[in-house]
Amino acid sequence: MQKDSGRDERLGSAPLGRLMVSMALPSVAAQLINILYNIVDRIYIGHIADYGDVALTGVGVTFPIIMLISAFSAFAGMGGAPLASIELGRKDYGRAERILGNSAGLILLFAAVLTAFFSVFKRPVLYAFGASDATIGYAEGYIGIYLAGTLFVQAALGLNTFISGQGEAKTAMLSVLIGAVLNICLDPVFIFVLGLGVKGAAIATVISQAVSAVWVVQFLVSEKSVIRLRRKNIRLQPEYIGRIAALGVSPFIMQSTESLVSVTLNTGLQKYGGDLYVGTMAILSSIMQFIGIPAQGVTQGVQPIISYNYGAGNKERVKGTFFRLVIVTFSSMFILSGIAVVAPGLYAGIFTNNRQLAELTAEVMPVYFLGFLFFGIQSACQSTFVALGQAKVSVFIALLRKVILLIPLAVILPRFMGVMGIYRAEPIADIISVTTAGTLFFITFKKILRDMDKSGMIGENEGKEM
């Protein structure tokens, strides 16, 4: 299959430093804008007169469901997009389009199942996730409306990775920008002007995600896209589903276990502390998302460069991209986490006007974020494993921090340390996980590069301007 591929070929030929900046900046902006979907909701909800703190806690209980919905979109999108980028590097556009189509088919399937399940069982699930009688009404009101937009959320998040994966980082950013700006504008209208409270926040989010989803699909079916979404490719084929699943399980675990972590922390905080402590976690998780924006944006923006050049056999560009990546991710997360450790009040006051909640959040924040100072190293290693198609190692690293370390620690430590043991579980898990991930990466990365040499994959572009 032949086509004009000048746009994707720059991934293998453009000067590496400038290429990374051109890919990373729009992706960082897209991540920042995307986080605003939920963070803006929480800021507005937290400042509702008379009941904002209770409403914020109730909405916080819905995070595990929202994270799980996003995890399934990551399974399909982040499992398929790196594979499509690798095929672009090999100039096999037909296979790249079939991967895109199968990922879209998975998104349709996941959206239908998740919407049906959580719509039926949302109340018992929310209680299991840490809701109390005081907060269940707000939690149920928000998630009941949010679920109506599950397909839009998954399409906007999952398929947008295929836009950035072909080198169209600015278009991918616009996909998110359109919905986020709309959400920011609609939130105060639905929450305050129309007096709909948390339900208004959910309505604004669904409308915004629907507009983003339409934008993404419209681009992928147009001639502007290097690879196009075609109806004939949407039917699920075992050959492609297996490859997508093998690679997608890693980002899926990273996001779905975030849901499991949230449940564990919320239920523990409810048991040992109460609603106020659950409210701190709603704020802390929002701040953690914010701190991770630069690293997540850079890794997603740079990932197609690594995948494309791995497929093209250009070892030097793979190496050069990774080492620049780890410097940027480590620096950004160290600085932003450092602010949370040194001056927690700067973050805490943004989300609530309840003095007691703000003070408690500022008290526990330095402990909670201590290990996050170094997490940029793991972010770079994890995303590079995914970009290189290294499914097994990616899955292990994804499981290590949250399932193997954080969840057991969050259950065990409060038995000896009280409620503070839950907050201390996070830095302990982070530090052990970062150390392990970094060690495994450099061992595995050297082997991958040696294998590229042995297999004769080195492309004609190797050694060009870095």
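## Exercises on contacts in a predicted model

Ala-134, at 47% relative accessibility, counts as partly exposed. The structure in these exercises is a predicted model, and each task below is followed by its solution.

**Exercise 1.** Determine where Ala-134 is found, and which residues Ala-134 touches when those up to four places away in sequence are not counted.

*Solution.* Begin with the position along the chain: Ala-134 is found in the loop between α5 (93–128) and α6. Next, assign the exposure class; since partly exposed is the class between 20% and 50%, the value of 47% places Ala-134 there. Then list the contacts, leaving out residues up to four places away in sequence, which gives Val-54 and Asp-275. Finally, take the C-alpha separation of Ala-134 and Asp-275, which is 8.7 Å although the two are 141 residues apart in sequence.

**Exercise 2.** Classify the packing of helix α4 (residues 63–89) and helix α6 (residues 136–146) by direction and handedness, and describe the residues that make the contact.

*Solution.* First take the geometry: the two axes are 10 Å apart, and the helices pack at an angle of about 20°. Angles under 35 degrees count as roughly parallel, and α4 and α6 are therefore roughly parallel to each other. The handedness follows as a separate step, and α4 passes α6 in a right-handed crossing. On the side of α4 the contact is made by Ile-65, Ile-66 and Ile-69, and on the side of α6 by Tyr-142, Ile-143 and Tyr-146. Sorted by class, this contact of α4 with α6 has 6 nonpolar residues, with no polar and no charged ones.

**Exercise 3.** Carry out the same classification for helix α10 (residues 238–272) and helix α11 (residues 275–312).

*Solution.* The axes of α10 and α11 come within 7 Å and cross at roughly 150°. Angles over 145 degrees count as roughly antiparallel, and α10 and α11 are therefore roughly antiparallel to each other. Their crossing is right-handed. To find the contact, match Leu-265, Asn-266, Leu-269 and Gln-270 in α10 with Asp-275, Tyr-277, Val-278 and Met-281 in α11. The residues of this contact divide into 5 nonpolar, 2 polar and 1 charged. A further position in helix α11 is Gln-289, which counts as partly exposed at 25% relative accessibility. The C-alpha atoms of Gln-289 and Ile-39 are separated by 8.8 Å, while the residues are 250 apart along the chain.

**Exercise 4.** Of the 22 aromatic pairs in the structure, analyse Phe-322 with Phe-445 and Phe-323 with Phe-445, and state which cluster these residues belong to.

*Solution.* For Phe-322 and Phe-445, the ring centres are 5.4 Å apart and the planes lie at 50° to each other, which makes the pair tilted. Phe-322 lies in helix α12 (residues 315–342) and Phe-445 in helix α18 (residues 420–454), so the pair ties together parts that are 123 residues apart in sequence. Both Phe-322 and Phe-445 are buried, Phe-445 with a relative accessible area of 3%.

For Phe-323 and Phe-445, the values are 6.5 Å centre to centre and 75° between the planes, and the pair is edge-to-face. Phe-323 lies in helix α12 and Phe-445 in helix α18, so this pair ties together parts that are 122 residues apart in sequence. Phe-323 itself counts as partly exposed, at 39% relative accessibility. As a last step, place the pairs in their surroundings: Phe-322, Phe-323 and Phe-445 form one aromatic cluster together with Phe-385, Phe-441 and Phe-442.

How values were computed:
Residues numbered from 1 in each chain as written. Predicted model: local features only at pLDDT ≥ 70, side-chain atom pairs only at ≥ 80, totals over all residues. Heavy atoms only, no water. Axes fitted to C-alpha atoms, helices over the stretch in contact; angles between N-to-C directions. Helix = DSSP H or I, 4+ residues; strand = E, 2+ residues; numbered from the N terminus. Parallel < 35°, antiparallel > 145°, perpendicular 65-115°, else oblique. Left-handed = near helix turned anticlockwise from the far one by under 90°. Contact = heavy atoms within 4.5 Å. Nonpolar A, V, L, I, M, F, W, Y, C, P; charged D, E, K, R; others polar. Phe/Tyr/Trp six-rings, centres within 6.5 Å; stacked < 30°, edge-to-face > 60°. Buried < 20%, exposed > 50% of the residue type's maximum accessible area, 1.4 Å probe, protein only.
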